[in-house]
Amino acid sequence: MIQIKTDAEIAVMRRAGLVVARTLETLRAAVAPGVSTADLDAVAREALASEGATPSFLGYHGFPAVICSSVNEEIVHGIPSRAKVLRDGDVVSIDFGAIIEGYHGDAAITVPVGQVPAELLELLRVCEESLWHGFAAARLGGRLSDISHAVESYVRAQPHPLGGSWGIVEEYVGHGIGTEMHQDPQVYNFAPKGPGRGPKLVRGLVLAVEPMVNLGTKATRVLDDQWTVVTADSAASAHFEHTFTLTEDGPWVLTALDGGAARLAPLLAATG
Ligand code: MG
């Protein structure tokens, strides 16, 4: 069932979203060679405490940390560890959720560590930009697959830096979000039947959109820890996520400090 939020509930979700946005900026600044993913988890725990928020991920189906940290070929759901130390040339995806007054915010970024090869920077750019193209395609009265289609077609249109093709992960998808982190509907990052399908995009619908793009195959597997999802060919992966809703003025990205205005303006101007 899709949970439709009132304006007052969305105002609370904005507060949760801002906690997530600020914490991810703090985490981005903390990423450096020699830092462990457990160090990043500790940074996020401190941020949650100082914000007076509670974690979405800790204890979720037994997950042992407040962030997911996924390095290089790890796509999502990596478990922070003292033993996982970031090295120059890595990319690390950090997924983080926070709860304010029972409402969740959820977002993810992928961050380069030190000097990173050009093809990895391009992977990050393509994945992040596909997310914003998804938001820019969302309209009140439109349909859910408008977003999925925009994400997929943006990725497909980008030349691959190594002459291969991008892998858009299919097994893990975005979701509705509110009083639970994961709610209906599922938000796919691909649309085999094109735009114009699925639930109507209405006021009060709040979604987390989260493309995962691989430098190689889209195929995935889960490590023996039963959490960490990796690419089947060990090529690198990127993951970007934001929580957003639609207003009469357009998309409002609840987990972006500026609501998404700066990133959306050129895209919305281009599409009219
Ligand atoms: Mg999510």
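Leaving out neighbours within four places in sequence, Thr37 touches Ile67, Ser69, Val71, Ile79, Pro80, Ser81, Lys84 and Leu86. This comes from a predicted model, and Thr37 makes a handy way in. The residue belongs to helix H2 and is buried, its relative accessible area being 0%. One of its contacts can be pinned down further: a polar atom of the Thr37 side chain sits 2.9 Å from the backbone nitrogen of Ser81.

Helix H2 (residues 37-51) also packs against helix H1 (residues 7-30), at an angle of about 145 degrees and with the axes 10 Å apart. The crossing of H1 past H2 is right-handed. On the H1 side, the residues that meet H2 are Val19, Arg22, Thr23, Thr26, Leu27 and Ala30, while H2 brings in Leu40, Val43, Ala44, Ala47 and Glu51. Sorted by class, that contact comes out at seven nonpolar, two polar and two charged residues. Just past this helix, in the loop leading from H2 to strand E1 (54-55), comes Gly52, which is exposed at 62% relative accessible area. Gly52 and Gly167 are 115 residues apart along the chain, and their C-alpha atoms are separated by 38 Å.

Now for the metal. Four residues coordinate the magnesium ion, namely Asp106 (OD), His175 (NE2), Glu210 (OE) and Glu241 (OE), at 2.1 to 2.4 Å. Along the chain, these donors follow the spacing D-x68-H-x34-E-x30-E. His175 is part of strand E7 (residues 174-176), whereas Glu210 falls in the loop between strand E9 (206-209) and strand E10 (212-214), so this pair ties together parts 35 residues apart in sequence. His175 and Glu210 are both buried.

A few backbone details round out the picture. The peptide bond joining Asp184 and Pro185 is cis, with omega about 0 degrees, and Pro185 itself is in strand E8 (residues 183-187). Two residues other than glycine have positive phi values: Asn72, at about 55 degrees, and Glu101, near 45 degrees. Asn72 is in the loop between strand E2 (67-71) and strand E3 (74-76), and Glu101 is in the loop that separates strand E4 (91-100) from strand E5 (103-112). As for their surroundings, Asn72 counts as buried because its relative accessibility is 16%, under the 20% cut-off. Glu101, with a relative accessible area of 57%, is exposed.

Technical notes:
Residues are numbered from 1 along each chain as its sequence is written. This is a predicted model: local features need pLDDT of at least 70, side-chain atom pairs count only at pLDDT 80 or more; totals for chains, interfaces and linings use all residues. Side-chain values use heavy atoms; hydrogens and water are left out. Axes are lines fitted to C-alpha atoms, for helices over the stretch in contact, and angles run from 0 to 180 degrees between N-to-C directions. Helices (H or I, at least four residues) and strands (E, at least two) are DSSP runs, numbered from the N terminus. A crossing is left-handed if the near helix is turned anticlockwise from the far one by less than a right angle, and right-handed if clockwise. Contact means heavy atoms within 4.5 Å. Ala, Val, Leu, Ile, Met, Phe, Trp, Tyr, Cys and Pro count as nonpolar, Asp, Glu, Lys and Arg as charged, and the others, Gly among them, as polar. Buried means under 20% relative accessible area, exposed over 50%, partly exposed in between (1.4 Å probe, protein chains only). Donors are N, O and S atoms within 2.8 Å of the metal (3.2 Å for Na, K and Ca); water is not among the atoms, so sites may look incomplete. A polar contact is a pair of N or O atoms within 3.5 Å; within protein, one must be able to donate a hydrogen and the other to accept it, and residues adjacent in sequence count only if both atoms are side-chain atoms.
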